[in-house]
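Please read this briefing alongside the sequence and the coordinates. It is arranged by topic, from a whole chain to its parts and then to a contact between chains.

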Amino acid sequence: MKPHTDWLAHSILCTGVALFVLPLWLLLAGATQDGGAIARGELSFVPDLRNLGIFWSVLTDRAPGGAPVWRMMLVSAALALAIAFGKIVISLLSAYAVSFFRFPFRMLCFWTIFITLMLPVEVRIVPTYAVMANFGLINSFTGLAMPLIASATATLLFRQVFLVIPDELVEAARMDGAGPLRFLRDILLPLSAANMAALFVIVFVYGWNQYLWPLLVATDPKLDTIVIGIVKMIGGDTVTDWNRVMAAAVLALLPPVLVVVLMQKWFVKGLTEGDK
Amino acid sequence: MATLELYDVRKSFGATAVLHGVDLALNDGEMLVIVGASGCGKSTLLRLIAGLEVPTAGRIVLDGRDVARLDPAERDIAMVFQNYALYPHMSVFDNMAYALKIRGLSRDDIARRVRETAEMLGLGPLLDRKPRQLSGGQRQRVAMGRAIVREPKLFLFDEPLSNLDAKLRVTMRAEIKRLQRRMGVTSLYVTHDQVEAMTLGDRLLVMHQGVPVQLATPMEVFERPATTYVAGFIGAPAMNLLPGVLCQGGMAVDLGRGMVIPFADGRRDGVDGRKLTIGIRPEHIVLAPDGVAVQIDLIEPLGSETVLIGRMDDGELLSVKVPGRAPAGEAIWVSFPAAMLHVFDAETGLRLG
């Protein structure tokens, strides 16, 4: 490659990096500064290193909305994990059924799942709320997590993975005497491990970032997720402590980033590796 | 160690009938090769015996027990697949041990049996490898090992050598034969390769369009093909099939071009003028200066012999195999030795006498 195109590519990349990093840097820097100054628009790019203790204080003190941030993060983590594991289990099993078994209305089942792709949470939020209310699950952790677990996308992903598994492999396992559950455990699960990991990352972040549904279904402050909590810290009757809001936002960023970084290798493998 | 009997086994997929009634009996320890072109139903037959498909009708009796409706796992049959179908995430050891594990053998027994089998196949140093780290021939060996280690009643081979290169195929062919002899396990081997069929089988079953056409030893199939289909299928290059009519009161055949050849093995039934198909193998045709002229179109030198493909004066194709190099000139003159003729009915394609 020629030097000047190299230079061009680098400048474009650097602009991109700046676009992504700058807001995060402002967040980090802002958290350590005086709330009043930020409110007046005097946000400095230089973090005040003497105020690093703010993160600890935000994490442990009670926020204006109610619970301390660590507690809200715990709720978020539990919710994200429940959604991630729930989704993987449900989707894996339904994809297994649709891909490997011949039963009446199999294609109807498949298409029903497929069609729900067109109905995201926001579209079906009112009927979903009604259903949860009838079950008496409003203001409960189950009510928070359950509607977010069903997923057509994940089912389709697993179905694609299963479709490329050669018939002979299934037949070899049958000849070896493996029943359906054994085949699922010994052959399918190990073969789709990378895809499960990729799905876990995506769904964990998705669950962590949920806002609308938790806002609607859980009014009990005990069930406040960190996203809800941050919103509650803004506005209201009192003056907003912008530095504390920013510190909370930084803390809220950490778990999803951690999940992505730790599972990066598997994530890429699961999304790119086609045939086994 | 078992016998296998098939009684009128039929299979249809929807309205399409694939097998039109197969009867078959395998002796204990026998290697039977099923051969036929693609779509003849040979793989379906194998899958029915394996239990991967359910027959539409008929009985499959393994060691005196009708297994036609049993699950594959309950039949005690092992199968070697064309693409090996090794479990990609398991080591060679685990691949071979899997069936034994499912049967609940003790850890020590499994290790002992896998190691014994691996030694026999020369897989000892590879036990910890994953299938993707193996060459084609090694994978093939593991697939065999996985079948052998189970000590099944019956081995099924579904074109196991077709994914290997030519040289390896010859080596593995010999190895399969040696192993099968040594273990004495009743085996069914499906292939479309006639060399495999000829060399491996104690007996051959030639299938054509869902019907078994001939069941005999390889040499018998070669020397006395039951129909024109078998005659054209077994042997390379393929047998020449020429039209002729019965003459001289059933004692000879008139092939036209002034060729009237008396039958070496006696009279055929029917009135003079009955339409026949006469088969003669390319290697049985002899060069004769006073014979029929053949214009050469194509010369295929095979080294120790040469195949000449040409036309007789009426355009009829004829292939001739001669030892050594091709004779000089654009034409050859040939004659057909009476003892080497195969006589078939032109209508039914069935062998006469």
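What follows describes a predicted model, beginning with the overall form of chain A.

Chain A contains 15 helices and zero strands. Its radius of gyration is 23 Å, well over the 19 Å that the globule rule gives for 276 residues, so chain A is more spread out than a compact globule.

**Overall form of chain A**

- Measured out along its principal axes, the C-alpha trace of chain A spans about 70 × 65 × 30 Å.
- Of the 276 residues in chain A, 32% are buried.
- Among the contacts in chain A with a separation of 6 or more, 76% are between residues that stand 24 or more positions apart.

**Domains of chain A**

- Chain A is divided into two parts, with domain 1 covering residues 1–52 and domain 2 covering residues 55–272, and the centres of these domains, taken over C-alpha atoms, are separated by 31 Å.
- Where the two domains of chain A meet, domain 1 contributes ten residues to the contact and domain 2 contributes nine residues.
- On the domain 1 side of this contact, the elements that give two or more residues are α1 (3–31) and α2 (35–39) of chain A, and α1(A) provides the largest share, with four residues.
- By class, the residues of domain 1 of chain A that touch domain 2 of chain A comprise six nonpolar, three polar and one charged.

**Helix α7 of chain A**

- Within helix α7 of chain A, which runs over residues 141–149, the buried residues are G143(A), L144(A), A145(A) and L148(A).
- These buried residues of α7(A) pack against four helices of chain A, namely α4 (69–100), α6 (125–134), α11 (193–208) and α12 (212–217).
- As general background, an α-helix has 3.6 residues a turn, so residues three or four places apart point the same way.

**Contact between chains A and B**

- The contact between the chains takes 17 residues from chain B and 15 residues from chain A.
- On the chain B side, β6 (77–80) and α2 (92–102) of chain B each supply at least two residues to the surface that touches chain A.
- The side of chain B that touches chain A is made up, by class, of 14 nonpolar residues, two polar residues and one charged residue.

Notes
Residues numbered from 1 in each chain as written. Chains lettered and ligands numbered in written order. Predicted model: local features only at pLDDT ≥ 70, side-chain atom pairs only at ≥ 80, totals over all residues. Domains from an automatic or database assignment. Contact = placed C-beta atoms within 7 Å. Nonpolar A, V, L, I, M, F, W, Y, C, P; charged D, E, K, R; others polar. Buried ≥ 20, exposed ≤ 12 C-beta atoms within 10 Å, placed from the backbone. Rg over C-alpha atoms; globule rule 2.2 N^0.38 Å.
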